[in-house]
Amino acid sequence: MKTNLLLSSLAASLILAFPVQAADKTKASKTVAAVVEEAPLRAHLALISSDLFEGRGTGQRGGDLTVQYLESQSQVIGLKPGNGNSYRQLVKIAGVKAQPQQSSLQLVAGGNPLAIEFGKDWVWAPGDAVASHQFDTDIVFVGYGISAAEEKWDDYKGQDVTGKLLVMMVNDPQPTAQEPNRFGGKALTYYGRWTYKYEEAKRRGAAGVLLIHTDASASYGWSVVQNGGTAEKFQLQGAALGTALQGWISEDTARKLFSGAGQDLDQLRAAAERSDFKPVTLSAKLTGEEKADIRTVEQYNVAAVVPGTDPKLKDELVIYSAHWDHLGKQGTSGDTIYNGAVDNGSGTAALLAMAKAALQAPAKRSQMFLWVAAEEQGLLGSALYAAQPLWPLEKTAANLNLDSLNFVGVTRDMSTRGSERTELGDMAAKVAKNMGLVIAPAEPDLSGGYFRSDHFSFAKAGIPAFSVGGGKDYVKDPEAAKEKAKAYGKRYHQASDEFDPTWDLSGMVQQAQFTLNLGRAVADSPKMPAWKAGDPLGKLRAK
């Protein structure tokens, strides 16, 4: 009760601080500018990334508070409910928490158990939401674990891996002088994502998967794997489940495993860069029992709408999305709250500020502001929306996603990686020009960012979608600004990702304004944007 009173009090304070004048529908929408204000963005960001919201963890008290807050603020601003009379969309998921102290899992190489520790050397959990599994299974190294006919690549080579533990590399085969564009060249394709590797292993009946971590291949350090792997993990209920064991091993642990099995890890990794690679069964086993606590969790997407003004086009929709969740509370000592100020308190707050602005000047098409749940657990909230849309997918023009916004300062450019797959790219360039900006030069997507954010759930459903990123050409003190932005890498998915009241949020406002302007351009366009010819995701829209 005290928490609800406090939340209501804080929400009321924001109402008083930032009063909203409802849009006058009798006036032409073009007479009023939809201007994103810094004050509400800053206030929302400071609050939702404070300790009060406990890191907005999935299945935790802080997550429930966040949904209540977004729902109440949507009402305060004057947004229409996106799900009938409700702002909420139920996301039913299974919570899975590995119990290493109750488990007896061992990696045995050459007949000798490896002396390794859960968290420090490896992490794992059941991928099928089953509380207990027994293992006495052979281990097979399958290179990258990829089967891609269009690339003439098959790491499995027809070998039956049913009931086996598969050890594989993260990322995808690297380009060569002879094949500079294989698997997207330097860019990471979906085949390089751990989600694909788990999916492929499941399709082939494997008992489990262990991914070999390196900072370079994963694009983040072991601490990120450790924090995520030792916490509770989540899976959509009713969706395709994974293998009995899914996890990661550190590179040092992989070396111990392969060396103990009489193999050279580096030689096998080099062999896996060739298309003639064949799976290698190691003289090693996974033995023992895996135990986990399983529970059912009800989380929510929050959907709110600004109705369109055109009699016909109002039935079509532009979606702005951001995930509201972060890692919540973890551990028992030190700073246990993973506040997630940048990731993704920034996107969550920006959508509220954008929605307030959009109400001042409704567009021809309707606009939905969608805060999705459980992104940190594998894009679960957006995947649920794509599977059970609140608005017909065929009438959804585009999805513009915001995740980890620019907290450094104003830039001369804006990043629109992934927009080139659709006509959104050309539209983004025009919007940028009108704002006195340029689109940042295209760079190889080394970390596979296009496949790691919520927009990808929409893209897989055939909707033109990408995440709007901040620019890098900083106007004020460029070198210092770049160092400040770079330093965030050490705070990513750490308890230190906290709000700093001294932040210059002008760049965040700029990014939010660009996104809203682009969405408005889509919403007022005579036709919905299309995919570029030849893009495989575009075939889904055609269906």
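Helices and strands here are DSSP runs, numbered from the N terminus: a helix has at least four residues and a strand at least two. Keep in mind that this is a predicted model.

**View 1. K157, a loop residue with a positive phi.**
Look for K157 in the loop between β8 (153-154) and β9 (165-169). Its phi is about 50°, although K157 is not a glycine. With a relative accessibility of 34%, K157 counts as partly exposed, because that class runs between 20% and 50%.

**View 2. S404, another residue with a positive phi that is not a glycine.**
S404 sits in the loop between β18 and β19 (413-414). The phi here is about 65°. How accessible is S404? Its relative accessibility is 28%, so S404 counts as partly exposed.

**View 3. N399, tucked into strand β18.**
The strand that holds N399, β18, covers residues 396-401. Is N399 buried or exposed? N399 is buried, and its relative accessible area is 0%. Setting aside residues up to four places away in sequence, N399 touches I319, Y320 and S321, and also H455, F458, I463, P464, A465 and F466.

**View 4. D293 on strand β13.**
Strand β13 runs over residues 280-306, and D293 is part of that strand. D293 has a relative accessible area of 42%, so it is partly exposed. Which residues does D293 contact, leaving aside its neighbours within four places in sequence? They are G95, V96, K97 and Q99. For a sense of distance, try G462: it is 169 residues from D293 in sequence, and their C-alpha atoms are 36 Å apart in space.

**View 5. Helix α3, from end to end.**
Helix α3 takes in residues 61-77, which makes 17 residues. Why should this helix span 24 Å? The rule is 1.5 Å times one less than the number of residues, and the end C-alpha atoms are indeed 24 Å apart, so the two values agree. Plenty of side chains to look up here: the buried residues of α3 include L65, V67, Y69, L70 and I77. E71 and Q73 are on that buried list too. Just past α3 comes G78, with a positive phi of about 105°.

**View 6. A cis peptide bond at helix α9.**
Zoom in on the bond from D343 to N344: it is cis, with omega near -5°. N344 belongs to helix α9, residues 341-360.

**View 7. The largest cavity and its lining.**
The structure has two cavities of 30 Å³ or more, and the largest holds about 60 Å³ of space. Among the residues lining the largest cavity are V170, N171, L188, R193, W194, Y220, W248 and R452. The lining of the largest cavity splits into six nonpolar, four polar and two charged residues.

**View 8. The second largest cavity.**
This one has a volume of about 40 Å³. Its lining is made of A34, A358, A361, Q367, L516 and R520. By class, that gives four nonpolar, one polar and one charged.

**View 9. Stepping back to the whole protein.**
To place the close-ups, note that the protein has 15 helices and 21 strands. Its C-alpha atoms fill a box of roughly 80 × 60 × 45 Å along the principal axes. Of the 543 residues, 56% are buried. A compact globule with 543 residues would have a radius of gyration near 24 Å, and the protein's 24 Å agrees.

Definitions and conventions: Residues numbered from 1 in each chain as written. Predicted model: local features only at pLDDT ≥ 70, side-chain atom pairs only at ≥ 80, totals over all residues. Heavy atoms only, no water. Buried < 20%, exposed > 50% of the residue type's maximum accessible area, 1.4 Å probe, protein only. 1 Å grid on protein atoms, 1.4 Å probe; cavity = no way out; pocket = protein on both sides within 12 Å on 5 of 7 lines; lining within 4 Å. Points joined across faces, edges and corners; volume = space filled by probe spheres on them. Nonpolar A, V, L, I, M, F, W, Y, C, P; charged D, E, K, R; others polar. Rg over C-alpha atoms; globule rule 2.2 N^0.38 Å. Contact = heavy atoms within 4.5 Å.
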